[in-house]
Amino acid sequence: MSKQEPGCCEPLPEDPLAVEQAAELSAMFKALGDPVRLRLLSMIASGTERGVCVCELTPAFELSQPTISHHLKLLRQAGLVDCERRGTWVYYWVRPETTDRMAAMLSSVSDRRTVTA
């Protein structure tokens, strides 16, 4: 980032996200950048405390089971969902600590815009 010219503008009131925070959050948002993964997360979030079985997710898409598993793997790698094998099936649930962090970051952006508007 370049130095600001004297007298150009007021300095920003708050520091932006740290580089590490931005990298971590961008991986989460990138995972949600695909409509299938966004729908999967929504379906999982609407499930019960016991989790949502992959057998409940697959019929909602015109995709093969391996493709759905790949999308779920990417959501898991981004820290958005977690899973557990129960017998033959795998059950998924949302990791609220991760989605809460994403929501807090978006909320802080919105709050700053409201204050400066």
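In what sense do strand β1 and strand β3 pair, and over how many bridges? I opened the notebook with that one, and the model I was looking at is a predicted one. Strand β1 (residues 52-53) and strand β3 (residues 89-94) turn out to be antiparallel, joined over two bridges. I looked up a partner as well: V52 is bridged to Y92 in β3.

**Entry: the other side of the sheet pairing.** Next I followed β3 to strand β2 (residues 81-86), and I found six bridges between these antiparallel strands. One of the residues I checked was E84, whose bridge partner in β3 is Y91. I then looked at the link: β2 and β3 make a hairpin with two residues between them. G87 sits in that turn, and its phi is positive, about 70 degrees.

**Entry: rings.** What lies over the ring of Y91? I found the charged end of R86 there, 4.3 Å from the ring centre. I also searched for aromatic pairs, with ring centres within 6.5 Å as the cut-off, and my count came to zero.

**Entry: the whole chain.** I stepped back to get the layout. The protein chain has five helices and three strands, and along the sequence I read the pattern α-α-β-α-α-β-β-α. Of its 117 residues, 26% count as buried. I noted about 8,300 Å² of exposed area, with carbon and sulfur atoms supplying 56% of it. For contacts with a separation of 6 or more, I saw that residues 24 or more positions apart account for 51%.

**Entry: helix α2.** Which residues of helix α2 (residues 35-45) are buried? My list reads V36, R37, L40, L41 and I44. They cover an arc of only 135 degrees around the axis, so they lie on the same side of α2. On the face turned away from that buried side I found the exposed residues P35 and A45. I also asked what covers the buried residues, and the cover includes α1 (19-31), β1, α3 (54-57), α4 (65-77), β2 and β3.

**Entry: T98.** My last stop was T98, which is placed in helix α5 (residues 96-116). Is T98 buried or exposed? I have it down as buried, because its relative accessible area is 7% and the cut-off for buried is under 20%. Leaving out residues up to four places away in sequence, I listed M28, A78, G79 and L80 as the residues T98 touches.

Note on methods
Residues numbered from 1 in each chain as written. Predicted model: local features only at pLDDT ≥ 70, side-chain atom pairs only at ≥ 80, totals over all residues. Heavy atoms only, no water. Phe/Tyr/Trp six-rings, centres within 6.5 Å; stacked < 30°, edge-to-face > 60°. Lys NZ or Arg CZ within 6 Å of the ring centre and 35° of its normal. Pairing = 2+ DSSP bridges. Helix = DSSP H or I, 4+ residues; strand = E, 2+ residues; numbered from the N terminus. Buried < 20%, exposed > 50% of the residue type's maximum accessible area, 1.4 Å probe, protein only. Contact = heavy atoms within 4.5 Å. Areas by Shrake-Rupley, 256 points an atom, 1.4 Å probe, with all protein chains shown as cover. Arc of directions from axis to C-beta.
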